[in-house]
Amino acid sequence: MVDFVQNCFDGVMLGSSYALLAIGFTLIFGVMRRLNLSYGPSIMLGAFVGTLVFLEFRAGGLAVAAATVLGAVLVGIYVERLCFWAIRQGAAVASMVSSFAIWMQLEEIVTIAFPDRTYPFPPLTRAQPMDFGPFFFKVENLVMFGCAVALTLGLHLLLYRTRFGLRLRAVAESPDAARYMGINIAAVTFLAFACASAIGGVAGYLIVAQDGQITPLFGLWATFKGLIAMMLGGMGSIPGAILGGLLLGIVEAQSIWYLGTEFRDLCAYALLFLFLVFRPGGLFGHALAERERLALRRV
Amino acid sequence: MLALDGLSKHFGGVRAVDGLDLEVRQGEIFGLIGPNGSGKSTTVNLICGVFPVTTGEIRFEGRNITRAPPHVCLAAGIARTFQNIRLFGHLSVWQNLWVAQNAMADRKASGFLNRWFGGSARARQEVEALLEFAGVAAKADDLAGNLSFGEQRRLELARALAAKPSLLLLDEPAAGMNVEEVGQLRERLAKLRDDGMTILLVEHVMELVMGVTDRIAVLNFGQKIAEGTPEEIQNDPLVREAYLGAPQSAGGGNA
């Protein structure tokens with residue numbers, strides 16, 4: 001029983017990083033109704049910018065974190081301009097396919113610029129795990145969890161307490177009507193993309209700092225985990241992304257403990273499969289949470 | 001105020017609008033009628049920049065807005081409603097108006113903080129006045145998607161007004177309304193005209209068109225076949241033949 005509960009705690013910690021990845025994914029999907037497959041790779045490139053700052057200047061944690069987030073945002077904007085803004089008149093699938101092409105391009109760029117493939121990344125902290133009765137927590141996990149909570153709260157305030165958030169929700173609901181109201185759709189989607197990339201950058205930094213190293217494969221990993229967590233929660237729903245991420249984390253933590261590390265991804269995909277068959281809309285269906293009372297607040 | 005000059009829109013081989021000349025004068029309600037597919041909605045869409053004009057010119061208050069995108073048309077003072085209601089169903093009634101009211105001001109770079117937070121008390125008062133006008137003040141904090149059909153139509157009209165336009169394009173605002181609601185809409189439009197609004201009304205419901213417009217143009221196959229006062233149009237043999245059908249239905253009913 002203690003093991004099971006400890007696994008759940010570990011799963012929540014692990015899942016909070018998935019939740020952050022999924023929030024970025026779902027924010028882009030919610031506004032544009034388009035999938036950005038190169039979301040993970042743009043975070044990966046951001047992390048390599050962080051590594052560069054670390055190796056070149058021997059910079060500390062905060063500078064590396066800032067460089068990672070900044071890199072992820074810049075690459076994210078590059079992706080938005082090419083795959084979404086440039087073909088905004090085209091079909092959604094055109095954006096998805098071109099975001100896949102940019103994914104390959106980003107991986108190639110990193111492989112050329114960083115030929116050794118695996119690079120060191122400064123750890124968040126060297127503090128010892130903390131004990132709480134029979135349970136123990138790694139400090140970096142707690143930081144990860146705290147960041148996830150803080151960013152989620154911040155995003156919530158942005159969406160439901162500001163006029164920008166109101167416009168963003170209007171665009172997400174009916175781009176056509178928004179256009180005739182004079183809402184600057186290009187600006188709204190651009191800012192939404194930048195926000196999503198920044199959240200992804202923070203998530204990427206926390207995950208890579210925990211791993212202590214970065215490889216070009218991180219892009220693939222981040223896209224997969226974010227995508228699965230988003231699908232579990234329901235595409236376009238932010239509460240769904242959080243719950244989907246936590247659920248994925250808990251299932252992975254349990255399967256690592258009871259079945260072994262090699263079963264981790266197998267169980268994740270099995271979970272996704274079960275959801276697609278039995279609950280294709282995800283935990284939150286389609287943005288059910290937006291019917292919440294607080295969504296009606298006058299900003 | 002609004003002048004269309006030889007306006008044409010061709011979709012492939014189809015001439016949706018074909019050499020249309022039209023002039024809407026300041027302060028009038030101008031009706032645009034015609035059978036289904038005669039190019040009425042296309043004309044509205046061309047005026048507010050939905051898709052590019054094939055040939056011809058659109059002038060608004062002396063400005064050429066032929067190729068202006070929607071937000072430029074709106075900034076010039078042209079707002080619209082839709083044939084199919086397109087409210088933000090997951091936003092509240094109040095938020096629908098608030099978004100529309102702020103959107104244009106928010107395009108400007110000034111007042112950055114003001115745009116993101118708060119906004120002026122005057123802007124809030126304007127929204128309250130629009131809620132009253134549309135008769136939805138009691139439901140201000142309800143989801144727009146939960147309103148009744150008639151309420152949604154009224155809210156959409158109010159949302160178009162929120163941008164403070166000088167010309168209002170209404171695309172079949174009475175579609176699906178009952179007799180009582182049509183009567184109320186008629187009063188609302190008359191009140192708007194009294195307050196100085198210019199309205200281009202595309203409509204099938206004859207009671208509304210004949211009862212509230214100052215002048216009417218009739219389209220058929222993208223071309224104007226008649227123009228005049230409601231009386232003149234009702235007695236025009238060409239119009240009866242093309243659109244109103246049997247003479248007994250000319251005065252009322254839903255053609």
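Is A:Phe9 buried, partly exposed or exposed, and what is its relative accessibility? A:Phe9 counts as partly exposed, because its relative accessibility is 31%. This value, like the others below, comes from a predicted model.

**Aromatic pairs in chain A**

Aromatic rings are a good place to start. Over all chains, a search of the whole structure finds 16 aromatic pairs. One of them joins A:Phe9 and A:Phe135. Their ring centres are 5.3 Å apart, and the planes meet at 75 degrees. That makes the pair edge-to-face, because planes over 60 degrees apart count as edge-to-face.

Where do the two partners sit? A:Phe9 lies in helix H1 of chain A, residues 2-32. A:Phe135 lies in strand S3 of chain A, residues 135-137. The two are 126 residues apart in sequence, so the pair ties together distant parts of the chain. A:Phe135 has a relative accessible area of 18%. It is therefore buried, since buried means under 20%.

A second pair is formed by A:Phe100 and A:Trp103. It is edge-to-face too, with planes 65 degrees apart and centres 5.6 Å apart. Here both residues lie in helix H4 of chain A, residues 92-113. They are three residues apart, about one turn of the helix. A:Phe100 is partly exposed, with a relative accessible area of 38%. A:Trp103 counts as buried, at 5% relative accessibility.

The table sets out the two pairs.

| Pair | Centre to centre | Angle between planes |
|---|---|---|
| A:Phe9 and A:Phe135 | 5.3 Å | 75 degrees |
| A:Phe100 and A:Trp103 | 5.6 Å | 65 degrees |

Rings can also gather in groups. A:Phe9, A:Phe132, A:Phe135 and A:Phe137 form one aromatic cluster.

**Charges over rings**

Which ring does B:Arg80 lie over? It lies over the face of A:Tyr180, at 5.2 Å from the ring centre. This contact links a residue of chain B with a residue of chain A. B:Arg124 lies over the face of B:Trp98, at 4.9 Å from the ring centre.

**A nonpolar surface patch**

Which residues form a nonpolar patch on the surface of chain A? They are A:Met1, A:Phe4, A:Trp257, A:Tyr258, A:Leu259, A:Phe263 and A:Leu266. Together they have about 810 Å² of accessible area. One member, A:Tyr258, is found in helix H10 of chain A, residues 238-258. A:Tyr258 counts as partly exposed, at 49% relative accessibility.

**Chain B as a whole**

Now for chain B. It has 10 helices and 10 strands. Of its 255 residues, 54% count as buried. Take the contacts in chain B between residues at least 6 apart in sequence: 66% of them join residues at least 24 apart. The accessible surface of chain B comes to about 10500 Å². Carbon and sulfur atoms account for 50% of that surface.

**Two residues with positive phi**

Most residues other than glycine have a negative phi. Two residues here go the other way. A:Arg33 has a positive phi of about 55 degrees although it is not a glycine. A:Arg33 lies in the loop between H1 and helix H2 (39-57) of chain A. At 39% relative accessibility, it counts as partly exposed.

What is the phi of B:Glu61? It is near 50 degrees, again a positive value in a residue other than glycine. B:Glu61 is found in a loop of chain B, between strand S4 (55-60) and strand S5 (63-64). B:Glu61 is partly exposed, with a relative accessible area of 45%.

Methods: Residues numbered from 1 in each chain as written. Chains lettered and ligands numbered in written order. Predicted model: local features only at pLDDT ≥ 70, side-chain atom pairs only at ≥ 80, totals over all residues. Heavy atoms only, no water. Phe/Tyr/Trp six-rings, centres within 6.5 Å; stacked < 30°, edge-to-face > 60°. Helix = DSSP H or I, 4+ residues; strand = E, 2+ residues; numbered from the N terminus. Buried < 20%, exposed > 50% of the residue type's maximum accessible area, 1.4 Å probe, protein only. Lys NZ or Arg CZ within 6 Å of the ring centre and 35° of its normal. Patch = residues over 30% accessible without salt bridge, like charges linked within 9 Å, V, L, I, M, F, W, Y side chains within 5 Å. Areas by Shrake-Rupley, 256 points an atom, 1.4 Å probe, with all protein chains shown as cover. Salt bridge = Lys/Arg side-chain N within 4 Å of Asp/Glu carboxyl O. Contact = heavy atoms within 4.5 Å.
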